[in-house]
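Reader: I'm new to this structure and would love a close look at one small part of it. Could you then walk me outward from there?

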Amino acid sequence: MTGTSSKKETACDWTVSGMDCGSCASKIKDAVGRLPGVSGVEVGLMSERLRLTLDETKTGREKVEKIVKSLGYGIAPRAANARKEFVLPGAAPEVAQDDDHAGHDHAGHDHSGHDHSGHDHAGHDHGPKAAAAAPGKRDDSGHGSPGHVHDDPADRGKRWYQTGKGKLVIFTALLLGAAWIIEYLAPEIGKWAFVAACLIGVAPVAQRAFAALRLGQPFTIESLMTIAAIGALFINAAEEAALVVFLFAVGEVLEGVAAGKARDGIRALANLVPKTALLEVNGTTKEVPAAGLQVGQMVLVRPGDRVPADGEITEGTSGVDDSPVTGESVPVTKGPGDAVFAGSINTEAVLRVKVTKAAEDNTIARIIRLVEEAEEARAPTERFIDRFSRWYMPAIVAVAALVVLVPPLAFGQPWDTWVYRGLALLLIGCPCALVISVPASIASALSTGARRGMLMKGGAVIEAAARVSRVAFDKTGTLTHGRPMVTDVVPFGTTTEAELLAVAAGVETGSSHPLAVAILNKAADSGITALPSKDAKALMGKGVVATVGDAPAWVASPRYAMENGGLEGLGLRQATVFEEEGKTAVAVFREKTPLGLIAMRDEPRKDAGDAVRQLKELGVTSVILTGDNPRTAAAIAGGLGMEFQADMLPEDKLKAIKDMSEHGGVMMIGDGINDAPALKQASVGVAMGSGTDVALETADAAILRDRVTDIPAQIRLARTAMANIRQNVTIALGLKAVFLVTSVLGLTGLWIAILADTGATVLVTLNALRLLRFKPERET
C-alpha cells in the first residue's frame with residue numbers, strides 16, 4: 001500500500017467505496033486535503049481509489065480513514081503486491097485467497113474443458129470492508145452513520161431491495177405510507193405523522209451534512225436537502241417534505257446502480273484472468289491460486305481453460321483465443337516458443353506453459369492499471385467543469401436566498417410562497433449531473449477501447465484524438481508487417497519454381513537473416529523441402545554460398561551474380577524492375593548457371609489500404625514518415641494512396657511532427673522505441689504491438705492487435721466520446737436551467753425539483769453507458 005519518499009513522507013493508497021458522482025470525489029478530496037501533512041491528493045471516482053502523500057509525523061493514516069468514514073464512505077487500504085496491488089473497484093485482495101481454494105490439492109481432478117474463470121462471484125462480498133473485517137464479523141466502521149446510504153461493496157450481486165440503499169427507500173416509503181394512512185384515519189394528527197416521517201427519513205442525510213460542514217464543506221447535496229426538508233416543515237409543507245425525502249432516497253439508489261454499471265466494464269477485465277491454475281510439480285498437477293504463480297513455474301492449460309499467467313508455451317500446439325486481451329476474434333495457432341497472455345482461452349489441445357510474468361505484471365493487470373490511471377488523468381473539459389461546479393452551488397444558494405428575501409421585503413409578497421420557491425431552487429442546486437457528465441463518458445470510452453485492444457491514457461488523450469486532422473505513420477512494423485515476404489519467384493530456362501525454391505532454401509537453411517527467413521517461409525508455405533546443404537558461408541554484403549547436393553549454389557545480390565556469371569542481361573533488367581517497385585531482389589544460381597530471381601518486400605498489412613480510406617472518410621490526412629529509402633517508401637505510399645517523407649532520422653521525424661502540428665492535431669503511429677521523440681511530440685502518440693511492454697507503457701495510446709484499421713476506430717471512438725460528453729453537459733445544464741426558471745415562477749414544486757436533480761444525474765450516466773455498446777470498427 002505504501003512507498004517511502006523523502007522527508008518521511010509516505011505514498012498511501014486506499015479503496016474508497018460509496019462514491020456515486022463527481023461531487024462525492026470532490027468532497028473527499030477537499031476534506032482530506034485540509035489535513036496537515038497531506039499532499040498530492042487524487043481521488044478516482046470510477047476506480048474507487050484514494051491516493052495521497054502523507055507526512056505521518058503530522059497526520060496518521062487512521063485520521064485520514066476516520067475523515068472519509070465520517071463523510072459516509074467505506075475505506076480500506078489497497079494491498080501492495082501481486083494481484084493484491086491491483087485492487088479493482090469492489091475487489092478486495094484478501095477475498096481472493098478464500099475463493100482460490102489455496103492449498104487444496106486437485107491433482108486427481110479432471111479439469112478438461114473447465115473454464116476456471118466461469119465462477120460467478122457477483123454475490124460475494126469483495127468489498128474493502130470484507131477484507132478488513134475480522135472473520136465472522138461485520139465491520140460497521142465503514143459507515144459514516146447508521147443511516148449511511150452510499151454504495152456498499154457488500155451489496156453487489158444483491159437485488160436492489162436487499163441493499164442498504166434499497167432498505168432505506170423501503171423504510172422511507174413505509175413511513176410515508178403510514179403517514180398517509182394516519183392522515184386518512186385521523187386528519188387532526190395527519191400533519192404530525194408527515195413531520196415524523198420527514199424527520200426520521202432526513203436524519204441520516206442531516207448527519208452527513210453536519211459531518212461535511214465540520215470539515216469546511218457547507219455546500220453539499222446533503223446540506224441542501226436537509227435545509228429544504230426542514231424549511232418545508234416551517235412553512236407547513238410537511239407532506240411534500242416527507243415525499244421529497246423519499247424521492248431523494250430513490251435517487252440515491254438509481255445513482256448507485258448507474259455508477260456501478262459504469263464501473264462494470266473495468267471489473268469485467270479483472271474477471272478475464274482465472275482465479276486458479278494447474279501447477280505442475282514433479283509430474284503431478286495441483287490447483288493453486290493464479291495470483292501466487294511465480295516466474296519460471298510450469299502450468300498445465302487444458303482445452304477450454306483460460307491461461308492463468310503470461311508465459312511461453314513449452315509443449316503442445318493449439319488454437320489460442322486472444323480476444324479477451326487483444327480483441328482479435330480469430331483464434332491463433334500457437335506452439336512451443338510462442339507467447340501467451342493471461343486471460344486468453346486455449347481452444348483445442350493441452351498446453352504446458354512456462355510463467356514469464358508474475359500476476360501483477362501480466363498483460364491484463366497492466367491494461368487495468370493503465371485504464372484506472374487514465375480515468376484519473378482528467379480531461380481539460382472535466383477540469384473546467386470541476387472549476388465551474390465549485391462556484392455553481394454557492395451561486396444557486398445565493399440566488400435561492402434572494403428569491404426568499406427580495407419579493408417579501410421589497411414587494412410585500414407572502415413569505416410562505418417565496419420560501420417554498422427558494423427551497424425548490426436549493427434542491428436543484430447540486431451539480432452532481434454536471435460533474436459526473438465527463439468522467440462517466442470517459443470511463444465508458446476507455447472500457448470500450450480496452451475490450452478491443454485500444455488503450456488511451458485518459459480524458460486528455462481522448463480529447464486530443466478527437467481533434468486529430470493528420471495521422472503520421474512510421475512504415476516498418478506499423479503499416480507493414482516489419483519483416484520481408486517473398487512477392488515474386490521468377491525461374492529461368494527449364495528450372496521450375498519448386499526447384500528454384502528448393503535450392504534457395506537449401507542455401508539459406510540455418511540462417512536467421514530476415515531475407516533468408518522469408519525464403520525459408522515461402523518454401524515451407526509452398527510445401528517444398530529444402531535440398532540438403534553444408535558448408536554455408538556468408539559473402540559479406542553480397543550473399544550466401546553453400547554446397548547444395550554435391551555442387552555449390554549461391555543466393556546473392558544481382559550485381560554479384562552478374563559479375564560471377566549467375567545473371568544475364570534480361571535477368572538484370574527484371575531485377576531492376578523489382579527494385580524500382582521497392583522490392584529486394586536476389587539471384588539464385590549455380591556455377592555459371594542462372595536459376596532465377598526471388599523478390600521480397602516488407603508488404604503492407606492487409607487492412608492498411610482500408611485504414612487509409614477510413615481516415616479519409618473521417619477527414620484525416622495520412623502520411624508516411626520513414627527512415628527507408630525513397631524508392632521503397634514511394635512504392636508503399638503509392639499503393640496506399642498516401643503522402644510520404646523518406647530517409648528520415650529520428651530528429652527529422654520530430655521536426656516533421658512539429659511542422660504538421662502548426663496546422664492542427666497530429667497523431668503519430670510508431671513502434672514506441674526509435675520513434676519515441678516523435679511519439680512524444682505528437683498531439684497523440686500511438687504505439688502498436690501485441691501486448692508488448694512498449695505498446696503498453698510508451699506513448700499516449702496503444703493498439704494491442706496489429707490492425708491498422710484500429711487507428712481510425714480509435715479516432716472514431718474518441719469523437720463519439722466527446723459528442724457524448726457534449727450531450728451530457730447539455731442534459732445537465734439544460735434540465736437545471738429549465739427547472740430554475742419554473743421553480744422561480746412557481747410552476748414546479750419541491751418534489752419535482754428533487755426528481756429533476758436525480759433524473760439529470762441518472763440520465764447523464766445512462767447516456768454515458770451507451771458508449772459501452774458502441775462499436776468503433778466500421779462494418780465491412
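Is Ser447 buried or exposed, and why does it count that way?

Author: Happy to, and one thing up front: this is a predicted model. Ser447 has a relative accessibility of 1%, and the cut-off for buried is under 20%, so Ser447 counts as buried. It's found in helix 13, which covers residues 432-451. Now look along the chain to Leu771, 324 residues away from Ser447: the C-alpha atoms of these two are separated by just 8.9 Å.

That kind of link across the sequence fits the bigger picture. Of the contacts in the protein with a separation of 6 or more, 69% involve residues 24 or more positions apart. Ser447 also has plenty of company in being covered up, since buried residues make up 55% of the 780 residues. As for the outside, the protein exposes about 32,400 Å², with carbon and sulfur atoms supplying 57% of that.

Let's move on to the sheet that includes strand 15. The protein has 26 helices and 27 strands, and 7 of the strands form an open sheet with mixed pairing, in the order 15-27-26-25-16-23-24. Strand 15 (454-456) and strand 24 (643-645) each have a single partner strand, so they stand at the edges, with one side of each left without a neighbour in the sheet. On average, neighbouring strands here are turned by 20° against each other, if you ignore direction.

Start at the strand 15 edge. Its pairing with strand 27 (residues 701-703) is antiparallel and runs over 3 bridges. If you want a spot to zoom in on, find Met454, which stands opposite Ile703 in strand 27.

Helices pack against this sheet too. Helix 21 (residues 630-640) touches strand 23 (621-625) and strand 24, and its direction makes about 160° with that of strand 24. Then there's helix 25 (residues 710-744), which lies across strand 15, strand 16 (468-473), strand 25 (665-670), strand 26 (684-688) and strand 27. Helix 25 runs at about 50° to strand 15.

Next, the rings. A search of the whole structure turns up 2 aromatic pairs. In one of them, Trp180 and Phe194 have ring centres 6.2 Å apart and planes at 75°, so that pair is edge-to-face. Trp180 belongs to helix 5 (residues 164-185) and Phe194 to helix 6 (residues 187-214), with their positions 14 residues apart. Trp180 is partly exposed at 37% relative accessible area, whereas Phe194 counts as buried at 2% relative accessibility.

The other pair, Trp554 and Phe589, is stacked: 5.1 Å from centre to centre, with 5° between the planes. Trp554 sits in strand 20 (residues 551-556) and Phe589 in strand 21 (residues 584-590), so this pair ties together parts that are 35 residues apart in sequence. Trp554 counts as buried at 14% relative accessibility, and Phe589 is buried as well, with a relative accessible area of 1%.

Rings also meet charges here. Lys334 has its charged end over the ring of Phe341, 5.3 Å from the ring's centre. Likewise, Arg421 lies over the face of Trp418, at 4.6 Å from the ring centre.

To come back to where you started: find Ser447 in helix 13, then look for Leu771, whose C-alpha atom is 8.9 Å from that of Ser447.

Conventions. Residues are numbered from 1 along each chain as its sequence is written. This is a predicted model: local features need pLDDT of at least 70, side-chain atom pairs count only at pLDDT 80 or more; totals for chains, interfaces and linings use all residues. Side-chain values use heavy atoms; hydrogens and water are left out. Two strands pair if DSSP finds at least two bridges between them. Helices (H or I, at least four residues) and strands (E, at least two) are DSSP runs, numbered from the N terminus. Axes are lines fitted to C-alpha atoms, for helices over the stretch in contact, and angles run from 0 to 180 degrees between N-to-C directions. Contact means heavy atoms within 4.5 Å. Buried means under 20% relative accessible area, exposed over 50%, partly exposed in between (1.4 Å probe, protein chains only). Accessible areas come from the Shrake-Rupley method with a 1.4 Å probe; for residues, only the protein chains shown count as cover. Rings of Phe, Tyr and Trp (its six-membered ring) pair if their centres lie within 6.5 Å; planes under 30 degrees apart count as stacked, over 60 as edge-to-face and the rest as tilted. A charge sits over a ring if NZ of Lys or CZ of Arg is within 6 Å of the ring centre and within 35 degrees of the ring normal.
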